[in-house]
Amino acid sequence: MSSLTTKSLFISHAWTQDLLPWKQVVSWFENEPDFSWRNCSCPDTKRLKDKSSKSLAAEITRQISSAQAVIILSEMYAANSAWVDYEISEAKRMNKLIIGVAPLVKGCIPGKIKNAADLMSAGYSSSLVSMIRFIA
């Protein structure tokens with residue numbers, strides 16, 4: 001019997017109010033059999049005392065630092081490209097694996113995500129989970 005290796009993942013959230021794509025990916029991981037993961041991303045700002053841009057940036061940096069891979073959702077880029085650009089730049093600075101994800105519903109993949117991603121996943125669960133199963 002093999003033991004599962006827990007994957008530490010940051011899922012882009014860009015501090016946006018529309019978290020439906022983020023929640024969808026979380027549910028994929030939670031419902032996947034024989035898949036162990038730790039969510040390094042927390043899009044909730046309620047627990048943060050200081051909500052200044054500087055503090056929010058520091059929190060994203062902290063969240064990404066403990067992740068093995070950073071998952072960049074196309075919908076999050078559309079919702080707030082400035083924060084997703086920051087998430088991408090921090091992931092690159094920390095040499096994190098970047099997995100770009102096509103829109104979960106119809107749409108285009110932003111060029112910034114295509115260019116930044118080490119891997120690109122289709123916008124459905126089996127594609128993304130398969131990629132993550134093989135990361136260190």
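# A guided tour from the core outwards

Begin by selecting L9, I11, F29, I71, L128 and I132, which are the residues with the most contacts inside the largest nonpolar core, a group of 41 residues. A nonpolar core here is a set of buried Ala, Val, Leu, Ile, Met, Phe, Trp, Tyr and Cys residues joined through side-chain atoms within 4.5 Å, and buried means under 20% relative accessible area, while exposed means over 50% and partly exposed lies in between (1.4 Å probe, protein chains only). In soluble globular proteins, nonpolar side chains tend to be buried together.

Before going on, note that this is a predicted model, in which local features need pLDDT of at least 70 and side-chain atom pairs count only at pLDDT 80 or more, whereas totals for chains, interfaces and linings use all residues. Residues are numbered from 1 along each chain as its sequence is written, and side-chain values use heavy atoms, with hydrogens and water left out.

**The sheet**

Now show the strands, which, like the helices, are DSSP runs numbered from the N terminus (H or I and at least four residues for helices, E and at least two for strands). You should find 5 strands in an open sheet, in the order β2-β1-β3-β4-β5, with parallel pairing. The strands at the edges are β2 (37–39) and β5 (119–121), and each has a single partner strand, so one side of each is left without a neighbour in the sheet. Neighbouring strands of this sheet are turned by 30 degrees against each other on average, with direction ignored. Two strands are said to pair if DSSP finds at least two bridges between them.

Select β1 (residues 7–11) together with β3 (residues 69–73), and you have two parallel strands joined by 3 bridges; within this pair, L9 has A69 of β3 as its bridge partner.

Stay with β3, where 5 of the 5 residues are buried, so this strand is largely enclosed by the rest of the structure. Colour A69, I71 and L73 on one side and V70 and I72 on the other, and you will see that both faces of β3 are covered by the structure around them, since all of these residues are buried.

Move on to β4, which runs parallel to β3 and is joined to it by 5 bridges. V70 stands opposite I98 in β4, and I72 stands opposite G100 in β4. β4 is mostly covered, with 4 of its 5 residues buried. On to β5, which pairs with β4 in the parallel sense over 3 bridges, and here G100 stands opposite M120.

**The helices over the sheet**

Next select helix α6 (residues 125–133), which lies across β1, β3, β4 (97–101) and β5 and runs at about 150 degrees to β5. Axes are lines fitted to C-alpha atoms, for helices over the stretch in contact, and angles run from 0 to 180 degrees between N-to-C directions. Pick out I132, and leaving aside residues up to four places away in sequence, you will find that I132 touches K7, L9, F29, F35, I71 and I99, where contact means heavy atoms within 4.5 Å.

Add helix α1 (residues 20–31), which packs with α6 at an angle of about 65 degrees, the axes being 10 Å apart. Where they meet, V25, W28 and F29 in α1 touch S125, L128, V129 and I132 in α6.

**Three residues in loops**

Finish in the loops, beginning with M94, which is found between α4 (81–93) and β4. M94 and I64 are 30 residues apart in sequence but 8.4 Å apart in space, C-alpha to C-alpha. Not counting residues up to four places away in sequence, M94 touches T61, I64 and S65.

In the loop between α4 and β4 you can also select N95, which has a phi near 55 degrees, a positive value in a residue other than glycine. Most residues other than glycine have a negative phi. N95 is exposed, with a relative accessible area of 71%.

Last, go to D34 in the loop between α1 and β2, whose phi is near 55 degrees, a positive value in a residue other than glycine. D34 is exposed, with a relative accessible area of 59%.
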